[in-house]
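Trainee: I would ask for a close look at a single part of this model, its main pocket, and then at the parts of the chain around it. Please take me through it in one connected account.

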Amino acid sequence: EKWLRCSHLISICMRRQRAEPGKRQFPEHEEIAAVACAVQNMHLLASSLRLGAYWSSWFEHFAQSGEGVRFHGLRPERGDRWLGVFCLGVCAPGKFEVYRSARRPVDEIASWRRLRWPS
């Protein structure tokens, strides 16, 4: 039901780097991370435009189907993957202004260590 309120649903797909003779392929986790960075940029842009947005993987039953794979032009045998849907829309009046995520100080969630390389 809430997906019907979105003005746009954008498929998030990863097309794996194609193997080339004499050239190393990026590891899959790096390609997934690159897609995630691109989605983060979309999210930052949406926020700057005061639009609501989030990444959902709820539509997996469609995207992993033969029809979904053809629709997205994916080649699963080459490592292409559907990673979800970016849901985008206008927030209900007043909702954007009151929403703020809770951020903890970095020292509470990370520890900093200095590496000492052997001489």
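Mentor: By class, the residues lining the largest pocket of this predicted model divide into 12 nonpolar, six polar and five charged. The volume of this pocket is about 820 Å³. Its lining comprises 23 residues, and those closest to the pocket centre are Leu51, Gly52, Ala53, Cys91 and Lys95. Four elements each give at least two residues to the lining: helix H1 (28-48), strand E2 (51-56), strand E3 (81-90) and helix H4 (95-98).

These elements offer a route into the rest of the structure. Helix H1 and strand E3 both contribute to the lining, and a salt bridge joins arginine 81 to glutamate 28, with 3.3 Å between the closest N and O atoms. Arginine 81 belongs to strand E3 and glutamate 28 to helix H1, so that the pair links distant parts of the chain, 53 residues apart. Arginine 81 has a relative accessible area of 35% and is therefore partly exposed. Glutamate 28 is likewise assigned as partly exposed, because its relative accessible area is 32%.

The residue before arginine 81 in number, aspartate 80, takes part in a salt bridge of its own, with the side chain of arginine 15 (3.7 Å, N to O). Aspartate 80 is in the loop between helix H3 (66-72) and E3, while arginine 15 is in the loop between strand E1 (8-14) and H1, so this pair ties together parts 65 residues apart in sequence. Aspartate 80 counts as buried because its relative accessibility is 5%, under the 20% limit for that class.

A further salt bridge is formed by the side chains of glutamate 108 and arginine 104, at 4.0 Å from N to O. Both partners are exposed: glutamate 108 has 53% relative accessibility, and arginine 104 has 55%. Shared partners also join salt bridges into one network, made up of Arg15, Arg18 and Asp80. The count of salt bridges comes to six.

Returning to the elements of the lining, one may look at helix H1 and the loop that follows. Glutamine 40 lies in helix H1 and is partly exposed, because its relative accessibility is 44%. Between glutamine 40 and tyrosine 54 there are 9.6 Å in space, C-alpha to C-alpha, for a separation of 14 residues in sequence. Arginine 50 occupies the loop between H1 and E2. The backbone of arginine 50 deserves attention: its phi is near 60 degrees, a positive value in a residue other than glycine. Most residues other than glycine have a negative phi. With 44% relative accessibility, arginine 50 counts as partly exposed.

One last feature concerns the surface. Val106, Ile109 and Trp112 make a nonpolar surface patch of about 380 Å². Valine 106 lies in helix H5, which covers residues 106-109. A relative accessibility of 45% is the reason that valine 106 counts as partly exposed.

Methods. Residues numbered from 1 in each chain as written. Predicted model: local features only at pLDDT ≥ 70, side-chain atom pairs only at ≥ 80, totals over all residues. Heavy atoms only, no water. 1 Å grid on protein atoms, 1.4 Å probe; cavity = no way out; pocket = protein on both sides within 12 Å on 5 of 7 lines; lining within 4 Å. Points joined across faces, edges and corners; volume = space filled by probe spheres on them. Nonpolar A, V, L, I, M, F, W, Y, C, P; charged D, E, K, R; others polar. Patch = residues over 30% accessible without salt bridge, like charges linked within 9 Å, V, L, I, M, F, W, Y side chains within 5 Å. Areas by Shrake-Rupley, 256 points an atom, 1.4 Å probe, with all protein chains shown as cover. Buried < 20%, exposed > 50% of the residue type's maximum accessible area, 1.4 Å probe, protein only.
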